[in-house]
Structure formats: structure tokens, C-alpha cells
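User: Could you take one spot in this model and give it a close look, then work outwards from there? Keep it casual, but give me the numbers.

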Amino acid sequence: MIKGLLFDLDGVIVDTAKYHYLAWKQIADELKIDFKLKDNELLKGVSRERSFEIILELGDRKMSREERNEYCRRKNIIYLEYINKMTEEEILPGVNEFISDAKKNAYKVALGSASKNASIILTKIKLKDPFDAIIDGEKVSEAKPNPEVFTKCACALGLKNEECIVFEDSAAGIQAAHNANMLAVGIGTKENLPKADMHLYEFEGINVQKLIDILGENPEADTI
Ligand code: B16
Ligand code: MG
């Protein structure tokens, strides 16, 4: 029986991928590495450090750990300039209503994000209060697709892993959910997230109970 809903942050609650891209692009340009918008897909859901390693691989470049850390630190300063301007207007369509619907129906709700900036983002968009637990990049040591972030969410909610479902926009996150023995709803398309158990384009107009019923009855269910 499903009792908990676990939400990824970037790409599910807000679209911060565009800010990650702009910040990484600035760093890549400086390093004369060709980094395109489509390459940004590779960075979704993965840690800051791994993101930079992927960018270096795209440019066929190598760097010491110290240098990599310095570029990551600088990328985050640029990223924070964008994040600090965020408001609740940037919450994706239907998210507030969907989370309220979940809470009214006594589901527990947690945030499970790879981002070390999750807490700042939630404060900026004024969406901290509804979460019964927040597990972010500051609280995990293993990156998705390792299940750590979601198993810690379930534990913080006092639930078993299989009592939780995950909402994710990244392939690494869908795999992390499955590795935790949880069903995963992909926020995106079947093409982008072929392993998700169900797909949603967005939360607007989605009824929590109906979604859980469909997922529970038929885990192979398609987009609703
Ligand atoms: P930060 P999520 C992830 O957040 C992003 O999808 C990913 O692109 C980013 O590299 C990662 O957070 C780390 O972010 O640099 O803020 O610690 O999708 O797991 O909420
Ligand atoms: Mg995400």
C-alpha cells in the first residue's frame, strides 16, 4: 500500500535545469569546451562533481581533483546568482495543488534531491512547510542511481521503501527509485524516460488517488 510520495526537486517542482545549464555553459566557454543545450540532459539528476566530469569528458579534457573542485565552486557561485532571484512563480504547474491533495489524503511527502542547494531553492519558492522530510545533496554521500536519497526519505517518513513512490525527471533518478524497490513516475516522455512505470507531462489536473490507483493496479500503465 502506498503511503508516501517522494519528489525530486530540479525538473519536477521547479525547472532549475536551465540555470544549471547557463552556469555550466559559462564555465565550459571559459575552458573552450563545446557544451550544448542537448548535452545538459546528461547532467540531470547527477551530482555537481559528476556533472563537471561529464563536461570535461565532452571536451576530452583532464584535470586534477583540486582544479575540478575549484571549477565546481565557481559554477555554484554563478548558479546561486540565478537561484537567488527565484520566486514561487517558478513552481511548475499543478505542483502546489498536487502536494496539497496528497496531504489532505494523509499521504506523507518528502523531497529527495541530489542538489546541495535544495534548501535555498525551497526557501526562495516558499515550499518548505509541506514536506515531512527533506533529504538533499547535503545529506547523502552516494549520487543517483544509488538508492540512498530515496531510502533515506522512506526512513525519515517512517515508511518501508515499497510503501513509497517517486516522481523524477531524470533517468538516474528513475533507476535510483527502482534500486530502492519503489515505483517511479517519470515527469517527461516515454522516449526520455523509458524505464519509468508511468509518465506525466505535468501535475496540472492530476488527482493523487487516481494516479496511485492506476499505478497500483497496473504498474505498466502509460501516460495519464
Ligand atoms: P547542486 P535533482 C540535481 O537535482 C540536478 O538535476 C542536477 O543537474 C545537479 O547537478 C544536482 O542536482 C546537483 O545540484 O549543484 O545544486 O548541488 O534533480 O536531484 O533535484
Ligand atoms: Mg531532477
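### A loop residue, and outwards from it

Analyst: Ala-106 sits in the loop that runs between helix 4 (95-104) and strand 2. Bear in mind as we go that this is a predicted model. The backbone is what catches the eye here: phi of Ala-106 is near 65°, a positive value in a residue that isn't glycine. As for its surroundings, Ala-106 counts as exposed because its relative accessibility is 64%, where the cut-off for exposed is over 50%.

Ala-106 has a counterpart elsewhere in the chain. Asp-60, in the loop between helix 2 and helix 3, is another non-glycine residue with positive phi, near 55°. Asp-60 is exposed too, with a relative accessible area of 71%.

Next, follow the chain from the Ala-106 loop into strand 2. Strand 2 (108-112) is part of what covers the buried residues of helix 6, and that cover also includes strand 1 (4-7), strand 3 (133-135), strand 4 (164-168) and helix 7 (171-179). The helix 6 residues that end up buried are Glu-148, Val-149, Phe-150, Cys-153, Ala-154 and Leu-157. If you want a reason for the spacing in a list like that, an α-helix has 3.6 residues a turn, so residues three or four places apart point the same way.

The charged member of that list deserves a second look. Glu-148 belongs to helix 6 (residues 148-157), and at 13% relative accessibility Glu-148 counts as buried, since the cut-off is under 20%. Setting aside residues up to four places away in sequence, Glu-148 touches Lys-139, Val-140, Ser-141 and Glu-142.

Both ends of helix 6 have something to show in the backbone. Ahead of the helix, Pro-145 lies in the loop between strand 3 and helix 6, and the peptide bond joining Lys-144 to Pro-145 is cis, with omega about 15°. After the helix comes Gly-158, whose phi is positive, near 75°.

Now step back to the overall layout. The chain splits into domain 1 (4-15 + 88-217) and domain 2 (17-83), and their C-alpha centres are 24 Å apart. Where they meet, 14 residues from domain 1 and 14 residues from domain 2 take part in the contact. The area buried between the two domains comes to about 1100 Å², with carbon and sulfur atoms giving 48% of it. On the domain 1 side, Asp-15, Lys-116 and Asn-117 lose the most area to domain 2, together 37% of what that side buries.

What about charges and polar pairs across that boundary? The count is one salt bridge between domain 1 and domain 2, plus four residue pairs in polar contact, both partners at pLDDT 80 or more. Helix 5 (residues 118-124) supplies the largest share of the domain 1 side, three residues. Sorted by class, that side has five nonpolar, two polar and seven charged residues. Lys-116 also turns up in a salt bridge with Glu-49, where the closest N and O atoms are 3.6 Å apart.

Salt bridges run well beyond the boundary: a search of the whole structure finds 15 of them. Glu-30 and Arg-74 meet side chain to side chain at 2.7 Å, N to O. With Glu-30 in helix 1 and Arg-74 in helix 3 (residues 65-83), the pair ties together parts that are 44 residues apart in sequence. Glu-30 is partly exposed at 41% relative accessibility, and Arg-74 is partly exposed as well, at 29%. Arg-50 pairs with Glu-57, the closest N and O atoms being 3.1 Å apart, and Arg-50 is partly exposed with a relative accessible area of 32%. Salt bridges that share partners also join Asp-8, Lys-144 and Glu-168 into one network, and that Lys-144 is the residue on the cis bond to Pro-145.

One last pair is worth a look for its contrast in exposure. Lys-38 and Asp-39 form a salt bridge at 3.5 Å, N to O. Lys-38 is exposed, with a relative accessible area of 61%, whereas Asp-39 is buried at 9%. Asp-39 is in the loop between helix 1 (17-30) and helix 2 (48-58). Leaving out its neighbours within four places in sequence, Asp-39 is in contact with Asp-34 and Leu-58.

Definitions and conventions:
Residues numbered from 1 in each chain as written. Chains lettered and ligands numbered in written order. Predicted model: local features only at pLDDT ≥ 70, side-chain atom pairs only at ≥ 80, totals over all residues. Heavy atoms only, no water. Domains from an automatic or database assignment. Contact = heavy atoms within 4.5 Å. Buried area = accessible area lost by both parts, 1.4 Å probe. Salt bridge = Lys/Arg side-chain N within 4 Å of Asp/Glu carboxyl O. Polar contact = N/O pair within 3.5 Å; in protein donor to acceptor, adjacent residues only side chain to side chain. Helix = DSSP H or I, 4+ residues; strand = E, 2+ residues; numbered from the N terminus. Nonpolar A, V, L, I, M, F, W, Y, C, P; charged D, E, K, R; others polar. Buried < 20%, exposed > 50% of the residue type's maximum accessible area, 1.4 Å probe, protein only.
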